[in-house]
Amino acid sequence: GNRGRAHEVFFGPRVPRSRERIFGKGTAAVMLLQLNVWGVGSAMGYLAYKSKLSVSSLAELAKEPAGVRFATGAIGVGSCLLGVRFLESLVYSSGDVTNGTGPLTRTVAMMERMLVQKGQKQSINEWIDKYDAITTPEDVNIRNTSYALMVDSFYKLVTHFYEWGWGASFHFAYRMQGETFSEGIRRHEYYLASQIPLKPGSKVVDVGCGIGGPMRNITRFTNWDVTGVTLNHYQVERCNEMCREEGLQTQCRAVQMDFHKLKLADGSLDGAFAVEATCHSPDRKDVFREVYRCLKPGAYFAFYEWCLTDKFNHSDTEHMFIKKMIEEGNGLPEMAHTSVIDQAVKDSGFELITKRDLAHDANQMVPWYRPVEPSWNPFIQRFQFNPVGTFVTIFCLRFLEWMWVAPPGTCKIQIMLNKALVGCSQGGEKDIFTPMYLCVCRKPDGAR
């Protein structure tokens, strides 16, 4: 009843404790589990047959035949993997940002999806070469004029990695006292939705929905009917798949569409929101005008935008380097100052109701950029961002490419994303960049 509804709104969807909870849903995950169990069982049977279960030390084990050493190693590795999968089912059972799955399960699922891409003859090397050709030249006009190809190529490359490390909501959020990462992410989304005064069942568009994490959370929070638009075909398929898995397919869905050319009727929507998405546009005013056209008179549009702040100095070479890293590592045309966004909103016909940078909120305990800061703690995910972790990560990806597990070019994606990490973390620390500039605007009554 109401108690279950409240749990879903504030803590995310309940995930049933079942075989799928513990062992994962993907075909590859199930196959890995079966091979794991079969391997451990076979190795134990082999050792029992050879009467070698009395091995009590590594020194004695080293003297045994290769078959015995291999079987013993298989038992050890297999048992560890089974143990990790079981612990994942306990630690990640709350349906948190990773939808109740731990790192091992998510890694297997990511590799499965990447292998599907590989089976469809989709070349990551080709995508990354196209992306580099657009983003690396100094002339920003190349990025601005080729934004559609750049954004589509970017999300073909990074969606798997984003979902693995960040969950389904591809955006930043600071954390308040006692909040987990995923609780901060959902609160950030709910706060945006609360700026739009609408009743349940209202027709709303998510401008640049990605794989729909914010859209589904906001749908649960508000009971709106939400349509998400994204330029990338894979994101549409993945978003709709996740909507079906979470039982929300009748309330929210994704369609492939360029937000510069929305195929929606004039005055057909009750509201609109965007979460760190319109930054991919080379002309914000053009996007805002399209949203304006589709909204009913009096309707609200609320969004978070990536912006340069008042502390950014175009004459500072370090500031310009950080800006370029953010743009190249995140598939962006030239970034804009907050004042440019304000003017674009007004020039589109909207009334600008609220504008502020949430990065300066006084009640935050963990800043938004902390998750992308390098750390030397080997037990947390940020370890991979330090020089040693980066080297190990790239080495592992190259090995997976060599083994034909990951498509060729996968390690290039990691190198590209490192640019984004450097830019975002340094930009946040210096307060010259914000990913959470909030704008709430309204289409005037009587407007056409």
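## A walk along strand β9

Start by selecting K355 and C439: K355 stands opposite C439, and C439 belongs to strand β9. Keep in mind as you click around that this is a predicted model.

**Stop 1: the partners of β9**

K355 is your way into a strand pairing. Select residues 351-357, which make up strand β7; β7 and β9 pair in the antiparallel sense, over six bridges. Now add residues 295-308, strand β6. Eight bridges join β6 to β9, and these two run antiparallel as well. To see one place where they face each other, pick L308, which stands opposite F433 in β9.

**Stop 2: how covered is β9?**

Select residues 433-442 and turn on the surface. How many residues of β9 are buried? The count is 10 of 10, so the strand is mostly covered, given that buried means under 20% relative accessible area. While you have the strand in view, here's a handy rule: in a regular strand, side chains alternate between the two faces of the sheet.

**Stop 3: the cysteines**

Next, hunt for disulfides. How many does a search of the whole structure find? Zero. Go back to C439 to see one case: C439 is in no disulfide, and the nearest cysteine sulfur, in C441, is 6.9 Å away. C439 also counts as buried, because its relative accessible area is 0%.

Then jump to C424. Why is there no bond between C424 and C279? The C279 sulfur is the closest cysteine sulfur to that of C424, but at 9.8 Å it is too far for a bond. Is C424 buried or exposed? With 2% relative accessibility, C424 counts as buried.

**Stop 4: out to the surface**

Time for some daylight. Select W376, V388, F391, V392 and F395: together they form a nonpolar patch on the surface, with about 580 Å² of accessible area. Zoom in on V392, which is found in helix α16, residues 387-402. V392 counts as partly exposed because its relative accessibility is 40%.

**Stop 5: zoom out**

Finally, show the whole chain as a cartoon. There are 17 helices and nine strands to find. The chain has 448 residues, and 51% of them count as buried. It exposes about 20,900 Å², with carbon and sulfur atoms supplying 60% of that area. Last, look at who touches whom: among contacts in the chain with a separation of 6 or more, 74% are between residues 24 or more positions apart.

Technical notes: Residues numbered from 1 in each chain as written. Predicted model: local features only at pLDDT ≥ 70, side-chain atom pairs only at ≥ 80, totals over all residues. Heavy atoms only, no water. Patch = residues over 30% accessible without salt bridge, like charges linked within 9 Å, V, L, I, M, F, W, Y side chains within 5 Å. Areas by Shrake-Rupley, 256 points an atom, 1.4 Å probe, with all protein chains shown as cover. Salt bridge = Lys/Arg side-chain N within 4 Å of Asp/Glu carboxyl O. Helix = DSSP H or I, 4+ residues; strand = E, 2+ residues; numbered from the N terminus. Buried < 20%, exposed > 50% of the residue type's maximum accessible area, 1.4 Å probe, protein only. Pairing = 2+ DSSP bridges. Disulfide = S-S within 2.5 Å. Contact = heavy atoms within 4.5 Å.
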